[in-house]
Amino acid sequence: FIFYSVLVGRAAMYSLFTMFCCYFAIIQGLIVTLMMLGFYKKALPALPVSIFLGVITYVLSRFFLEPLVMQMTTHLLMF
């Protein structure tokens, strides 16, 4: 649980957008782990899926998605 709080805290130091992206990725990783637990019917490690999704989401949202959204909002473009 310490890694999750460090990841979300680090993301919050950059922006709220990145923080919420990481938070939802960690929750989705928890859901995927629980679904895999029900499918495989044996004990699984809890960390790998959530950590993988959290780190990938942090990198993508901070370096790719955040600049794209900021560029679009400064030029008043919408999807």
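Let me start where two helices touch: in H2, the residues Phe17, Thr18, Cys21, Cys22, Ala25, Ile26, Gln28, Gly29, Leu30, Val32, Thr33 and Met36 meet Val49, Ser50, Leu53, Gly54, Thr57, Tyr58, Ser61, Arg62, Leu65, Glu66 and Val69 of H3. Sorted by class, the contact of H2 with H3 has 13 nonpolar, 8 polar and 2 charged residues. Before I go on, a reminder that this is a predicted model.

How do these two helices sit against each other? H2 and H3 pack at about 150 degrees, and their axes are 8 Å apart. Angles over 145 degrees count as roughly antiparallel, and therefore that is the label for H2 and H3. As for handedness, H2 passes H3 in a right-handed crossing.

Now let's look at H2 on its own. H2 covers residues 16-40. For those of you who like a sanity check on geometry, at 1.5 Å a residue its 25 residues should span 36 Å, and the C-alpha atoms at its ends are 36 Å apart, so the two agree.

Which residues of H2 are buried? They are Thr18, Met19, Cys21, Cys22, Ala25, Ile26, Gly29 and Thr33. And what do they pack against? The buried residues of H2 have helix H1, residues 2-14, and helix H3, residues 47-74, as their partners.

Let me pick two threonines from that list, beginning with threonine 18. Its relative accessibility is 0%, and because buried means under 20%, threonine 18 counts as buried. Setting aside neighbours within four places in sequence, threonine 18 touches Ala11, Tyr58, Ser61, Arg62 and Glu66. Ala11 is among the H1 residues that meet H2, while Tyr58, Ser61, Arg62 and Glu66 are among the H3 residues that meet H2. For a distance to check on your screens, threonine 18 and threonine 57 are 39 residues apart in sequence, yet 8.2 Å apart in space, C-alpha to C-alpha.

The second one is threonine 33, also in H2. Threonine 33 is buried too, with a relative accessible area of 10%. Beyond its neighbours within four places in sequence, threonine 33 is in contact with Leu44, Pro45, Ala46 and Val49. Of those, Val49 is one of the H3 residues in the contact with H2.

For contrast, take isoleucine 31, which also lies in H2. Isoleucine 31 is partly exposed, at 44% relative accessible area. Its C-alpha atom is 18 Å from that of valine 8, with their positions 23 residues apart along the chain.

Over on H3 we have leucine 65. Is leucine 65 buried, exposed or partly exposed? It is partly exposed, with a relative accessible area of 35%. Leaving out neighbours within four places in sequence, leucine 65 is in contact with Phe17 and Leu60. The C-alpha atoms of leucine 65 and threonine 18 are separated by 8.9 Å, although the two residues are 47 apart along the chain.

Next, the loop. H2 is followed by lysine 41, which lies in the loop between H2 and H3. Its phi is positive, about 60 degrees, although lysine 41 is not a glycine. With 69% relative accessibility, lysine 41 counts as exposed.

That leaves H1. H1 and H2 pack at an angle of about 155 degrees, with axes 7 Å apart. That makes H1 roughly antiparallel to H2. On the H1 side of this contact we find Tyr4, Leu7, Val8, Ala11, Ala12 and Tyr14, and on the H2 side Thr18, Met19, Cys22, Tyr23 and Ile26. By class, the contact of H1 with H2 has 10 nonpolar, 1 polar and no charged residues.

The remaining pair is H1 and H3. These pack at about 10 degrees, with their axes 11 Å apart. H1 is therefore roughly parallel to H3. Phe3, Tyr4, Leu7, Arg10, Ala11 and Tyr14 of H1 make this contact with Leu47, Ser50, Ile51, Gly54, Val55, Tyr58, Arg62 and Glu66 of H3. The residues of the contact of H1 with H3 divide into 9 nonpolar, 2 polar and 3 charged.

To pull it together: H2 is roughly antiparallel to H3, H1 is roughly antiparallel to H2, and H1 is roughly parallel to H3. Thanks, everyone!

Note on methods:
Residues numbered from 1 in each chain as written. Predicted model: local features only at pLDDT ≥ 70, side-chain atom pairs only at ≥ 80, totals over all residues. Heavy atoms only, no water. Helix = DSSP H or I, 4+ residues; strand = E, 2+ residues; numbered from the N terminus. Buried < 20%, exposed > 50% of the residue type's maximum accessible area, 1.4 Å probe, protein only. Contact = heavy atoms within 4.5 Å. Expected span 1.5 Å × (residues − 1). Axes fitted to C-alpha atoms, helices over the stretch in contact; angles between N-to-C directions. Parallel < 35°, antiparallel > 145°, perpendicular 65-115°, else oblique. Left-handed = near helix turned anticlockwise from the far one by under 90°. Nonpolar A, V, L, I, M, F, W, Y, C, P; charged D, E, K, R; others polar.
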